[in-house]
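Trainee: Please take one part of this model and look at it closely, beginning with the question of disulfides, and then connect that part with what surrounds it. I would like the reasoning spelled out wherever a cut-off decides the outcome.

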Number of protein chains: 2
Amino acid sequence: MNDTISKPDWIAVDWGTTHLRVWLMDNRGEVLDHRCSDQGMGVLARGTFEPTLRAMLSDVPGAKALPVIICGMAGSRQGWAEAPYASVPCPPPGVAQATRFQVDGLAVHILPGIKQDTPADVMRGEETQIAGFLAREPTFDGILCLPGSHTKWVHISAGEIVSFRTYMTGEMFALLGKQSVLRHSVDTTEWDQTAFDAGLSDTLSRPADLAAKLFSLRAEALLHDLSAPAARARLSALLIGAELASAKPYWLGQQVVVIGTTQLANAYHGALAQQGVAVRSADVGDLTLEGLTAAFHHLTGGPK
Amino acid sequence: MNDTISKPDWIAVDWGTTHLRVWLMDNRGEVLDHRCSDQGMGVLARGTFEPTLRAMLSDVPGAKALPVIICGMAGSRQGWAEAPYASVPCPPPGVAQATRFQVDGLAVHILPGIKQDTPADVMRGEETQIAGFLAREPTFDGILCLPGSHTKWVHISAGEIVSFRTYMTGEMFALLGKQSVLRHSVDTTEWDQTAFDAGLSDTLSRPADLAAKLFSLRAEALLHDLSAPAARARLSALLIGAELASAKPYWLGQQVVVIGTTQLANAYHGALAQQGVAVRSADVGDLTLEGLTAAFHHLTGGPK
């Protein structure tokens, strides 16, 4: 870190289950400094959020009521302070809906997540990425696909989140690939695109067979020398294929934007393109920070 | 342990990935003593199988060429000595197909597993349970369902294993229930049968929605106070329902015997009964030991 930190105008915080990311910002939206740690909600006890954040800011020149805008799991019931969910349909919640409080020198705003009653679903953090996307493309109408541990499909219309659905595909891929009997067969970081494409077509045409086909990866590795890159790509295809079969109402005949350019996001993009979907990827830097910045601008009446 | 162990006539061994079970047997099929440990194949290095077994038998009066009959993962490529798979259709392999060798004072017989080329599938250990079942019901014609981490559906006809299919349902239930985001919602050992029945019908009618419905358990716990016993039963119903949808050719219009009376086995029994299947449970003590005993009798020409 610099030993001469400029005085920030506000602090942006993305506080998830496994990570804490902090940006020192000026009021034009420029990043003065950036810190991150693994002090996510999952390892923090009640009452330790404030000291954890203060430790991250210990070298920052003080200010009276420095605005802090936070998104993510810090607003959950087990977090710093609960920010009750907004309900769809709604725009991504801003500072007007935030849970606000003052603690010595900090004016904390915790942004709410979003809930959907039927089918029951929730998000905390993604709504701020969506706010960042809409800050850039305010007239977007269509589907956002946010790949991750818990991939979200989000229907956006007229600046509002209309409905969404969460799939545990990424988490299942990690659990099956690292901790199940399949870990021996998929132990690689390589990727076999041909195996992915074939597995995807197969799963999309018979999605109910997912449960049967998983163990076949192990058996084919033992009996037919299925390679690790092919097994890993096929595992991903089985899971993403089952997801796409179920999420078809979200993408069939729709404009879809896949958020991100990770290997996982690229797999979704390729799978949707294979199905003839009008899909593009948003190579978006850090949408969460853009969403937090949009919230700050609402607080202050716009960029200075 | 007794300090006066009768001299056994043979040793029965079930050596799986996570466990080692040893029975000291007389030649009438009576158990003289029983030991078990967690020295499964998963924690053993090459070359440590023999000393591990000898340590389990250290107090056993010696014998020249004491027969040892072993089933399970000890016969895999990473085990003590490979016992190459038999191929379906075939009866459960016996000592004639075993990998045999002598080590000081022990005449080791490792029973083979079974493979199926298409769809690719394998078993090691279950074939010996099946041998035990067929020793008891030699004319059985129908389907065996062996619930477990990797549930097997096995078509038996004329004393042969005709075909089989493995589902990772039990392992997925454990991974999702203990290690995924759902662990908070299903943290109980209680069971809500009504929730299981409703979830099963729902999944069987729309099996492709499995991927979507998993995260809903978390969301319904957060939003609608879904109880932990209901969430746990519904998680089981989602996974077993998807399995039953895929395994329908195995059970529709068939005689099905569910092996075991664990909570998991009872869940399969109930699910099949709900679908109108002619199902019974085999309350079978230890089928593996019965299968190993049948193999010993083949070795010696029958019970004495």
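Mentor: A disulfide is taken here as a pair of cysteine sulfur atoms within 2.5 Å, and with that cut-off in hand we can read chain B of what is, to be clear from the start, a predicted model. A search of the whole structure, over all chains, returns 0 disulfides. For C71(B), the closest cysteine sulfur belongs to C36(B) and is 14 Å away, which is too far for a bond because a disulfide needs the two sulfur atoms within 2.5 Å. C145(B) is likewise in no disulfide, since its nearest cysteine sulfur is that of C71(B), at 19 Å. As to their surroundings, C71(B) is buried, with a relative accessible area of 0%, and C145(B) is buried as well, also with a relative accessible area of 0%.

From the cysteines we can turn to the aromatic rings, beginning with one pair in chain B. Over all chains the structure holds 14 aromatic pairs. In the pair formed by W80(B) and F101(B), the ring centres are 5.4 Å apart and the planes stand at 75 degrees, so the pair is classed as edge-to-face, a label that requires planes over 60 degrees apart. W80(B) belongs to the loop between β4 (66–71) and β5 (86–87) of chain B, while F101(B) belongs to strand β6 (residues 99–103) of chain B, and the pair therefore ties together parts that are 21 residues apart in sequence. The two partners fall on either side of the 20% cut-off for burial: W80(B), at 14% relative accessibility, counts as buried, whereas F101(B), with a relative accessible area of 21%, is partly exposed. In chain A, ring pairs link W80(A) and F101(A) with W15(A) and F49(A) into a cluster.

Rings also meet charges in this model. In chain A, the charged end of R124(A) is placed over the ring of Y85(A), 4.3 Å from the ring centre, and in chain B the charged end of R124(B) is placed over the ring of Y85(B), where the distance to the centre is 4.4 Å.

The backbone deserves the same care, and a general expectation helps in reading it. Most residues other than glycine have a negative phi, and most peptide bonds are trans. Against that background, the peptide bond from T118(A) to P119(A) is cis, with omega near -10 degrees, and P119(A) lies in the loop between β8 (114–116) and β9 (121–123) of chain A. In chain B, T118(B) and P119(B) are joined by a cis peptide bond with omega about -10 degrees, and P119(B) is found in the loop between β8 (114–116) and β9 (121–123) of that chain. Phi is positive at A158(A), near 55 degrees, although this residue is not glycine; A158(A) sits in the loop between β11 (151–157) and β12 (160–167) of chain A and counts as exposed at 70% relative accessibility. For A158(B), phi is again positive, near 50 degrees, the residue lies in the loop between β11 (151–157) and β12 (160–167) of chain B, and a relative accessible area of 69% makes it exposed.

Next comes the boundary between the chains. In chain A, 40 residues are in contact with 40 residues of chain B, and the area buried between the two chains is about 3500 Å², of which carbon and sulfur atoms give 67%. On the chain A side, M168(A), F215(A) and L223(A) lose the most area to chain B, together accounting for 18% of what that side buries. The rule for salt bridges finds 0 of them across this interface.

Two helix residues complete the view. T203(B), in helix α4 (residues 193–205) of chain B, is buried at 1% relative accessibility; leaving aside residues up to four places away in sequence, T203(B) touches A237(B), L238(B), G241(B) and A242(B). Q263(A), in helix α8 (residues 263–274) of chain A, is partly exposed at 42% relative accessibility and, with the same sequence neighbours left aside, touches T189(A), W191(A) and R232(A). The C-alpha atoms of Q263(A) and P147(A) are separated by 9.9 Å, although these residues are 116 residues apart along the chain.

How values were computed: Residues numbered from 1 in each chain as written. Chains lettered and ligands numbered in written order. Predicted model: local features only at pLDDT ≥ 70, side-chain atom pairs only at ≥ 80, totals over all residues. Heavy atoms only, no water. Phe/Tyr/Trp six-rings, centres within 6.5 Å; stacked < 30°, edge-to-face > 60°. Helix = DSSP H or I, 4+ residues; strand = E, 2+ residues; numbered from the N terminus. Buried < 20%, exposed > 50% of the residue type's maximum accessible area, 1.4 Å probe, protein only. Lys NZ or Arg CZ within 6 Å of the ring centre and 35° of its normal. Contact = heavy atoms within 4.5 Å. Buried area = accessible area lost by both parts, 1.4 Å probe. Salt bridge = Lys/Arg side-chain N within 4 Å of Asp/Glu carboxyl O.
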